Amino acid sequence: DISRIMTNAPAAGNCRVFILDEAHQLSKDAQNAALKILEDTPKHVYFFICTTDPQKLIATIRSRCTEMPVDLLKLDEMTGLLERVRVKAKLKLKGEILDDIAAATNGSPRAALVLLDKLSQLPPSARAKALANHEDQPEEVIALCRALFERKDWRAVSGLLRNLKEQEPESIRHAVMGYCATILRSGKKNDQAYWVIKCFEQNFYDSKGSGLVRACYEAVCGE
């Protein structure tokens, strides 16, 4: 019984901390049941309600929370993180590999560190293939990357965007840029890959979904 546990003093330290991960997966009945606990929390108890989809939390819970959004890392922040880990762990990896890892993992530090660990254990000749086979995005996102690269007509691209309403726009931006950057790193000249990267240079933290739509339209209909 969490209510009874909360009233007890901490075994060590000055507070008790409860972490509710993926809270948006709770049913509405479960969320309503949690309201009583959240309203009558003792001063030494703290709840961290973690979610990747806050819109699915009922309004009465959200109104009782202080929102602390966690953004995806930018490319330069990711490469900086990977470089610090590489130096501290004394990994024998070239800087180009770190750039590729940063581009392939779309701003997710966890995915980047997992891929870094995987590549560090492979011989240099096998790293490029392992990196090329790495996919950290849903099929719908990969389909959008291909459509932009192939400069499909806008009707096809807009249809793909309608299927991506549940995806974080900034995550999609990282995926698109990483996809096209990988193509250019292969050594082949490709003006469309370069143009798509130019269209997606600005982040979507403020513009969100509308910024994503604008960038996609410019990538396939601009110039």
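K90 is an exposed residue of this predicted model, with a relative accessibility of 73%, and its place is in the loop between helix α4, residues 75-89, and helix α5, residues 95-104. What makes K90 worth a pause is its backbone, since K90 has a positive phi of about 55° although it is not a glycine. Most residues other than glycine have a negative phi. R151 offers a second case, for its phi is also a positive value, near 55°, in a residue other than glycine. R151 is likewise found in a loop, this one between α8, residues 139-149, and α9, residues 154-162, but R151 counts as partly exposed, at 33% relative accessibility.

Beside R151 in the sequence stand E150 and K152, whose side chains meet in a salt bridge with a distance of 3.3 Å from N to O. Both partners are partly exposed, E150 at 45% relative accessibility and K152 with a relative accessible area of 39%. Side chains of opposite charge can pair when their charged atoms come close. The structure holds eight salt bridges, and another of them joins R64 to E39, with the closest N and O atoms 2.6 Å apart. R64 lies in the loop between α3, residues 59-62, and α4, whereas E39 lies in helix α2, residues 28-39, so this pair ties together parts that are 25 residues apart in sequence. R64 is partly exposed with a relative accessible area of 42%, and E39 is partly exposed as well, with 45%. A further salt bridge is formed by K198 and E201, where the closest N and O atoms are 3.9 Å apart. K198 has a relative accessible area of 37% and is partly exposed, while E201, at 46% relative accessibility, also counts as partly exposed.

From these charged pairs we can turn to a nonpolar part of the surface. Which residues make the nonpolar surface patch of about 420 Å²? The patch is made by V17, I19, Y46 and F48, and the two strands β1, residues 16-20, and β2, residues 45-49, each supply at least two of its residues. F48, which lies in strand β2, is partly exposed, with a relative accessible area of 43%. To belong to such a patch, a residue must have over 30% relative accessible area, so the value of 43% for F48 is above that cut-off.

The cysteines, by contrast, lead to buried positions. A search of the whole structure finds zero disulfides, and the distances for two of the cysteines help to explain this. For C145, the closest cysteine sulfur is that of C180, and because the two sulfur atoms are 6.9 Å apart, they are too far from each other for a bond. For C199, the closest cysteine sulfur belongs to C216, and here the separation of 9.2 Å is again too far for a bond. C145 counts as buried, at 1% relative accessibility, and C199 counts as buried too, at 3%.

With these local features in mind, the reader can step back to the whole chain. The protein has 12 helices and two strands, and along the sequence these elements follow the pattern α-β-α-β-α-α-α-α-α-α-α-α-α-α. Along its principal axes, the C-alpha trace spans about 65 × 50 × 25 Å. The radius of gyration of the protein is 22 Å, whereas a compact globule of 223 residues would have one near 17 Å. One pair of residues gives a sense of distances within the model: E96, which is placed in helix α5 and counts as exposed at 53% relative accessibility, is 107 residues apart along the chain from N203, and their C-alpha atoms are separated by 23 Å.

How do parts of the chain that are distant in sequence meet, and how much of the protein is covered? Among contacts between residues at least 6 apart in sequence, 66% join residues at least 24 apart. Of the 223 residues, 36% count as buried. The accessible surface comes to about 14,300 Å², and 52% of that surface belongs to carbon and sulfur atoms.

Definitions and conventions
Residues numbered from 1 in each chain as written. Predicted model: local features only at pLDDT ≥ 70, side-chain atom pairs only at ≥ 80, totals over all residues. Heavy atoms only, no water. Patch = residues over 30% accessible without salt bridge, like charges linked within 9 Å, V, L, I, M, F, W, Y side chains within 5 Å. Areas by Shrake-Rupley, 256 points an atom, 1.4 Å probe, with all protein chains shown as cover. Salt bridge = Lys/Arg side-chain N within 4 Å of Asp/Glu carboxyl O. Helix = DSSP H or I, 4+ residues; strand = E, 2+ residues; numbered from the N terminus. Buried < 20%, exposed > 50% of the residue type's maximum accessible area, 1.4 Å probe, protein only. Rg over C-alpha atoms; globule rule 2.2 N^0.38 Å. Contact = heavy atoms within 4.5 Å. Disulfide = S-S within 2.5 Å.
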